[in-house]
Amino acid sequence: MTETMTKRVHLVGSVSLSSATEVFEQVAARVGNDIARLSDGETGGRAMPFFLQAGLTAAITKTPGIIFKDIWEVAGLKINLYGLAPGAKAQDIEFGVLGFAEAAKTSYLEFKRLRAAGRIPAGVRLQVGLPTPFMMEVGFITATDLLALGPVFERAMLRELAQIAASIPHGDLAIQWDVAPEITSILEGDVPTLAGIFKRQQVVDSIAKITDAVPLDVQTGWHFCYGDTGTSTEDRETQHFFEPRDLGVLVALANDVCAMVRRPVHWLHMPVPRIRDDEAYFAPLKDLHLKPGMQLYLGLVHKFDGLEGARRRIAAAKVFYPEFGVGTECGLGRRKPGDIPGLLDLHHEIACAL
């Protein structure tokens with residue numbers, strides 16, 4: 001087992017604290033010895049969905065050749081959708097600066113300062129979470145223009161990736177690709193319009209391409225997600241856009257992308273709903289074939305049933321896949337700030353129970 005694989009906790013990315021400094025300090029103090037990578041928490045204006053972030057939205061929607069076309073209502077939100085203006089050609093469209101690289105560069109300065117002060121353990125990397133180009137696109141573009149504008153979003157995200165890699169030493173950097181609408185809308189068929197437009201192989205090819213674009217000496221991994229509506233109940237922290245029947249769709253996707261990607265991949269995170277401590281949910285893991293040296297993290301940490309519930313889910317998962325780390329289903333950006341310290345401590349307790 002490699003040194004990285006002994007790190008049993010993975011934090012997806014977002015954390016509902018006030019600043020990157022608070023995230024770095026809280027996470028490092030409570031689970032610093034359990035993690036290989038540390039996110040800045042995506043705090044402040046970045047805590048909002050992409051299509052509500054003013055600078056990011058302007059970079060896309062104010063591009064010459066892009067016009068408003070429709071409104072999409074989903075999960076109680078009304079999302080403005082855009083597309084090509086009459087006579088505009090997709091090959092002529094180039095979006096402006098999206099802001100991911102600038103945010104990563106700023107956070108790295110604070111990361112480096114705190115590490116030099118001994119507040120972040122040596123060897124921990126800055127984890128930068130990026131949406132896949134498709135994840136970005138479906139938040140802005142009407143269905144009829146998705147295929148045409150897909151390459152434009154891909155170029156824009158790869159430019160951001162290149163700028164991040166140019167501004168942060170590779171030994172200090174990890175890139176996580178967040179994969180969600182590809183799973184729910186296309187592979188699960190929850191949005192028939194999109195499922196009818198995109199083929200499964202297009203999903204696999206796209207994830208493989210952006211993964212291979214990460215420099216070889218930068219760690220990289222995937223967060224496979226079923227979406228988080230931002231709503232919760234007394235017995236359930238998160239509500240997915242589409243509830244997974246089991247891990248079968250994610251295992252099949254992971255196998256296909258792992259087979260296609262040429263470079264090493266370091267981790268894969270999959271969600272586990274709180275109510276799923278049955279072996280049937282985890283049974284597809286018996287067919288999971290990750291790349292050598294890659295670690296699986298299961299999002300089975302839940303505040304409402306704590307260590308006891310995690311132990312049940314761990315036991316069911318180990319029947320089919322004995323070695324894995326843990327995290328929550330999705331990020332911690334939609335939790336109550338006062339719950340974050342306890343959730344981080346719970347991660348440590350559960351990691352020790354593995």
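How many residues does helix α9 have, and how far does the helix reach from its first C-alpha to its last? In the predicted model examined here, helix α9, formed by residues 248-260, has 13 residues and reaches 19 Å between its first and last C-alpha atoms, which is close to the 18 Å expected at 1.5 Å a residue. The buried residues of α9 are Val249, Leu250, Val251, Leu253, Ala254, Asn255, Val257 and Cys258. These buried residues pack against two helices and two strands, namely α6 (181-187) and α8 (200-212) together with β6 (219-224) and β7 (267-271).

The surroundings of α9 also involve Pro284, a residue of the loop between α10 (279-282) and β8 (295-299). With a relative accessible area of 14%, Pro284 falls under the 20% cut-off and is therefore buried. When its neighbours within four places in sequence are left aside, Pro284 is in contact with Asp246, Leu247, Gly248 and Val251. Of these contacts, Val251 is one of the buried residues of α9, and its C-alpha atom is separated from that of Pro284 by 6.6 Å, although the two residues are 33 residues apart along the chain.

The span of helix α3 was examined in the manner applied to α9. The 17 residues of α3 should span 24 Å at 1.5 Å a residue, and because the end C-alpha atoms are 24 Å apart, the expected and computed values agree. Burial in α3 extends to Phe100, Ala101, Ala103, Ala104, Ser107, Tyr108, Glu110, Phe111 and Leu114, and what covers these residues includes the helices α1 (20-31), α2 (54-61), α4 (133-138) and α5, as well as the strands β1 (37-39) and β4 (125-131). Ser107, placed in helix α3, has a relative accessible area of 7%, and so it counts as buried, the cut-off being 20%. Not counting residues up to four places away in sequence, Ser107 touches Ala20, Phe24, Asp40 and Arg46. After the helix comes Gly118, whose phi is positive, near 80°.

Packing between helices was then considered for two pairs. Two packed helices are described by the angle between their axes and the distance between the axes. For α3 (residues 100-116) and α5 (residues 146-167), the angle is about 20° and the axes lie 8 Å apart. Because angles under 35 degrees count as roughly parallel, α3 is described as roughly parallel to α5. The crossing of these two helices is right-handed. On the α3 side the contact is made by Phe100, Ala101, Ala104 and Lys105, which meet Met157, Glu160, Gln163, Ile164 and Ser167 of α5. By character, the residues of this contact divide into 5 nonpolar, 2 polar and 2 charged.

The second pair consists of α11 (residues 306-318) and α12 (residues 340-353), which pack at an angle of about 40° with their axes 10 Å apart. This angle makes α11 oblique to α12. As α11 passes α12, the crossing is right-handed. Here Gly306, Leu307, Ala310, Arg311 and Ile314 of α11 meet Leu346, Glu349, Ile350 and Ala353 of α12, and the residues of the contact comprise 6 nonpolar, 1 polar and 2 charged.

Notes:
Residues are numbered from 1 along each chain as its sequence is written. This is a predicted model: local features need pLDDT of at least 70, side-chain atom pairs count only at pLDDT 80 or more; totals for chains, interfaces and linings use all residues. Side-chain values use heavy atoms; hydrogens and water are left out. Axes are lines fitted to C-alpha atoms, for helices over the stretch in contact, and angles run from 0 to 180 degrees between N-to-C directions. Helices (H or I, at least four residues) and strands (E, at least two) are DSSP runs, numbered from the N terminus. Angles under 35 degrees count as roughly parallel, over 145 as roughly antiparallel, 65 to 115 as roughly perpendicular and the rest as oblique. A crossing is left-handed if the near helix is turned anticlockwise from the far one by less than a right angle, and right-handed if clockwise. Contact means heavy atoms within 4.5 Å. Ala, Val, Leu, Ile, Met, Phe, Trp, Tyr, Cys and Pro count as nonpolar, Asp, Glu, Lys and Arg as charged, and the others, Gly among them, as polar. Buried means under 20% relative accessible area, exposed over 50%, partly exposed in between (1.4 Å probe, protein chains only). The expected span of a helix is 1.5 Å times one less than its number of residues.
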